[in-house]
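Here is a short report on one helix, its surroundings and the strands beside it. Please keep the sequence and the 3D view open while reading.

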Amino acid sequence: MAENESNIEKLDQIQRAQRQNMNACGEAGDKDGMLLHYANVADTYDTFKDLPGWEQGRKNVALALHSVKPGYNARILDCGAATGQTAEEIIKLGYTNIDGLDMSMDMLRVAERKGLFKNIICDTIDGVHNTKIADDSYDVVVCNGTFMPGQMDQTSFPELTRITKSGGFIIFSVSFKYLHEWKLFKNGQLDSEMQKYVSAGKWKKVEQETLNYWEDEQAVYYTVYVA
């Protein structure tokens, strides 16, 4: 028992250090640094997935998807898929028609070996360019923990909306830390931008729920109903 607790503590310390490195690269806008980080951790990334509290975020997103009842044949995009941990939770609920998109091919290769995705897409949805994904491709797009510095923000909304079918859903989470402290989100900026999409008739409505995200950290989970 003591040895197992010691191993868990060591893994937790390693994982925290890796998160700090990733966050530092993102806040500095260092995309190359982030890609190098993911290349370095890809093969061991799943080592941490069963740490206490680590699984909560991906389970919340999967349950949010399940709650909108998209149908078990729904076409789903896991955006920021990494090694497919969120997809694994979605598959447990009976959904298998899933594509995975991530900025890191190293992470996607790990997911590919697990056979989780119909297609893998190495790209970003960052507001800088459009992906090669066709219009109205997905019934549901999920983004677990990707709305953060260096990855996604409100400039991602046009592309997320474009690739989601009318009547479909965009589900994403934002940690309290970034929602209230990051310069692009704080002071209600993210919520204000979402309301513009509702007012313009591009989205029908946005629902939100505050839940535990990681250990004692909370996040807001948004469900967007695309018009």
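Which residue of β4 is the bridge partner of Ile 76? The partner is Val 140. The model is predicted, and every value below is computed from it.

**Strand pairing**

β4 takes part in two parallel pairings. With β1 (76–79), β4 pairs over 3 bridges. With β5 (164–175), β4 pairs over 5 bridges. In that second pairing, Cys 143 has Phe 172 of β5 as its bridge partner. The connection can be followed too: β4, helix α6 (residues 157–163) and β5 form a right-handed β-α-β unit.

**Burial of α4 and β4**

| Element | Buried residues | Residues in element |
|---|---|---|
| Helix α4 | 6 | 8 |
| Strand β4 | 5 | 6 |

Both elements are mostly covered, helix α4 (residues 85–92) and strand β4 alike. In α4, the buried residues are Gln 85, Thr 86, Ala 87, Glu 88, Glu 89 and Ile 90. Their cover includes α3 (56–67), β1, β2 (98–102) and β4 (138–143). Just after the helix, Gly 94 adopts a positive phi of about 105°.

**A buried acid**

Glu 89 sits in helix α4. Why does Glu 89 count as buried? Its relative accessibility is 10%, and the cut-off for buried is under 20%. Leaving out residues up to four places away in sequence, Glu 89 touches Arg 58, Lys 59 and Ala 62. With Arg 58 there is also a polar contact: the two side chains are joined at 3.5 Å.

**The nonpolar cores**

In soluble globular proteins, nonpolar side chains tend to be buried together. Here, the largest nonpolar core has 36 residues. Leu 65, Ile 76 and Ile 90 have the most contacts inside this core. At least two core residues come from each of α2 (31–41), α3, α4, α5 (105–113), β4, β5, β6 (203–214) and β7 (217–226). Another core lies apart from this one. That other core has 30 residues, including Leu 101, Ile 133, Met 194 and Trp 203.

Back to Ile 76. Which residues does Ile 76 touch, not counting those up to four places away in sequence? They are Leu 65, Ile 90, Tyr 95, Asn 97, Ile 98, Asp 99, Tyr 138 and Val 140. Val 140 is thus on two lists: as a contact of Ile 76 and as the bridge partner of Ile 76 in β4. Leu 65 and Ile 90 also recur, as contacts of Ile 76 and as residues with the most contacts inside the largest core.

Conventions: Residues are numbered from 1 along each chain as its sequence is written. This is a predicted model: local features need pLDDT of at least 70, side-chain atom pairs count only at pLDDT 80 or more; totals for chains, interfaces and linings use all residues. Side-chain values use heavy atoms; hydrogens and water are left out. Buried means under 20% relative accessible area, exposed over 50%, partly exposed in between (1.4 Å probe, protein chains only). Helices (H or I, at least four residues) and strands (E, at least two) are DSSP runs, numbered from the N terminus. Contact means heavy atoms within 4.5 Å. A nonpolar core is a set of buried Ala, Val, Leu, Ile, Met, Phe, Trp, Tyr and Cys residues joined through side-chain atoms within 4.5 Å. A polar contact is a pair of N or O atoms within 3.5 Å; within protein, one must be able to donate a hydrogen and the other to accept it, and residues adjacent in sequence count only if both atoms are side-chain atoms. Two strands pair if DSSP finds at least two bridges between them. A crossover is right-handed if, with the strands pointing away from the viewer, the path from the first strand over the helix to the second runs clockwise.
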